[in-house]
Amino acid sequence: MTTLGSKETILAAMKRVYRYQAQNQTRSVVRRSGKTRFIKDTDWERGVFWSCVSAAWLATDDNEYLDGVMNYTLHTGFRTGPNDRFADDHICCQAYLDIYPLVDQIEALEPTIKALDLMVENPQLGRKDWWWCDSLFMAPPAFAALTQRTGDSKYLDYMNTAFWDSVEHLLDPETGLFYRDYRYIPDGNGGELREANGNKVFWSRGIGWVLAAIPRLLARMPEDYPHRDKYLALFTALAAEVIKYQQADGFWRTSLLDPENFPAPESSATALFCYGLGWGIKQGHLDAETYMPVVETSWAALQTCIHDNGMMGWVQLPAFNPRDVAFEHNIDYGAGAFLLAATAVADLVS
């Protein structure tokens with residue numbers, strides 16, 4: 001027996017969070033400069049949410065989620081974001097490609113093909129295009145899914161080469177954790193950014209994106225793909241590291257190595273870790289005796305983030321490093337991360 005609750009209660013929590021966010025999508029965010037940025041439907045904050053709603057549909061076969069994703073595509077016209085070679089503008093493709101078999105019109109694939117062909121036909125190093133760790137969640141699963149939908153292996157093969165070059169750049173060999181980007185990688189001269197306590201900066205949500213990316217990649221990758229085991233090896237190694245930093249209340253803080261500096265709970269990283277670890281247990285890649293208590297306590301913690309109206313709170317707002325969080329902080333991708341966690345937890349109790 002687990003303490004995760006029944007499948008019905010898990011799905012009910014997922015539906016409450018979905019309904020609130022679908023009806024209250026975030027329209028703008030305030031930059032550190034004080035300027036307001038208005039969120040487009042193809043921006044990553046929105047794209048993450050709807051790609052996770054699509055995952056909820058695939059996991060539950062609940063047409064309420066499907067209807068939401070279909071409505072999203074009416075707003076976007078299956079378009080990608082406007083910036084070439086930019087992973088944040090490719091996350092929306094994951095939702096499009098999930099529902100494509102129902103649409104089955106080549107016009108729905110054409111914007112994604114055009115955006116990804118720009119990269120495949122002019123290959124660059126992964127560390128150049130995917131230079132921040134969040135990007136490994138945003139773009140690579142779309143490449144794998146496009147191979148899945150078209151049968152053309154060039155997208156998956158391109159992704160595989162670029163993914164591992166990015167990993168080589170961002171993975172810290174000392175800790176087994178991922179730097180968010182080049183600003184935090186030690187340069188030998190003390191020029192990198194550090195935490196207030198002097199430790200390296202390892203941002204929990206950034207690392208959560210990486211852990212959560214691998215199940216989404218493997219779901220879109222052929223079972224006999226020759227590099228599949230390499231992804232699993234990275235997944236299990238990273239899982240073993242991140243559980244060291246879960247706090248007693250079940251949450252991860254925004255900074256793994258300086259949790260006291262920003263002591264508030266953080267739900268989006270906690271949800272991403274809960275999702276990845278829950279998936280790993282269900283698939284037999286992670287030992288249940290070790291990892292199930294981590295999933296149980298993180299899932300219990302996530303329940304305390306849901307406001308009475310279904311709003312997901314304690315979500316760190318858009319950033320590239322650890323920062324403070326409040327219970328009132330809510331944004332689309334935080335709800336999306338919770339939906340992913342709920343799919344994995346529901347699967348564990350099925």
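## Exercises on rings, helices and cysteines

Tyr72 has a relative accessibility of 3%, so Tyr72 counts as buried. The model used here is predicted.

**Exercise 1.** Classify the ring pair of Trp50 and Tyr72 from its distance and angle.

*Solution.*
- Step 1: The ring centres are 5.7 Å apart. The limit for a pair is 6.5 Å.
- Step 2: The planes stand at 15°. Planes under 30 degrees apart count as stacked, so this pair is stacked.
- Step 3: Place the rings in the chain. Trp50 is in helix H2 and Tyr72 in helix H3 (residues 63-76), 22 residues apart.
- Step 4: Check the partner. Trp50 has 5% relative accessibility and counts as buried.
- Step 5: Widen the view. Trp50 and Tyr72 belong to a cluster linked by ring pairs, which also includes Tyr18, Phe49 and Tyr65.

**Exercise 2.** Do the same for Phe235 and Trp279.

*Solution.*
- Step 1: The centres are 5.1 Å apart, and the angle between the planes is 90°.
- Step 2: An angle over 60 degrees counts as edge-to-face, and this pair is edge-to-face.
- Step 3: Phe235 sits in helix H11 (residues 228-242) and Trp279 in helix H12, so the pair ties together parts 44 residues apart in sequence.
- Step 4: Phe235 is buried at 0% relative accessibility. Trp279 is also buried, at 15%.

**Exercise 3.** Describe the length and surroundings of helix H2.

*Solution.*
- Step 1: H2 spans residues 44-60, which makes 17 residues.
- Step 2: From first C-alpha to last, H2 reaches 24 Å, close to the 24 Å expected.
- Step 3: Of its 17 residues, 14 are buried, so H2 is largely enclosed by the rest of the structure.
- Step 4: Look just past the end. Asp61 takes a positive phi of about 60°.

**Exercise 4.** How many disulfides are there?

*Solution.*
- Step 1: A disulfide needs two cysteine sulfurs within 2.5 Å. The count is zero.
- Step 2: Test Cys52. The nearest cysteine sulfur is that of Cys92, 13 Å away, and Cys52 is in no disulfide.
- Step 3: Test Cys93. Its nearest cysteine sulfur, again that of Cys92, is 4.6 Å away, and Cys93 is in no disulfide.
- Step 4: Check burial. Cys52 counts as buried at 1% relative accessibility, and Cys93 at 0%.

**Exercise 5.** Is Ser268 buried or exposed, and what does it touch?

*Solution.*
- Step 1: Ser268 lies in helix H12 (residues 267-282).
- Step 2: Its relative accessible area is 1%, so Ser268 is buried.
- Step 3: A polar contact of 2.7 Å joins the side chains of Ser268 and Glu266.
- Step 4: Beyond four places in sequence, Ser268 touches residues including Arg205, Trp314 and Gly334.

Key. Residues are numbered from 1 along each chain as its sequence is written. This is a predicted model: local features need pLDDT of at least 70, side-chain atom pairs count only at pLDDT 80 or more; totals for chains, interfaces and linings use all residues. Side-chain values use heavy atoms; hydrogens and water are left out. Helices (H or I, at least four residues) and strands (E, at least two) are DSSP runs, numbered from the N terminus. The expected span of a helix is 1.5 Å times one less than its number of residues. Buried means under 20% relative accessible area, exposed over 50%, partly exposed in between (1.4 Å probe, protein chains only). A polar contact is a pair of N or O atoms within 3.5 Å; within protein, one must be able to donate a hydrogen and the other to accept it, and residues adjacent in sequence count only if both atoms are side-chain atoms. Contact means heavy atoms within 4.5 Å. Rings of Phe, Tyr and Trp (its six-membered ring) pair if their centres lie within 6.5 Å; planes under 30 degrees apart count as stacked, over 60 as edge-to-face and the rest as tilted.
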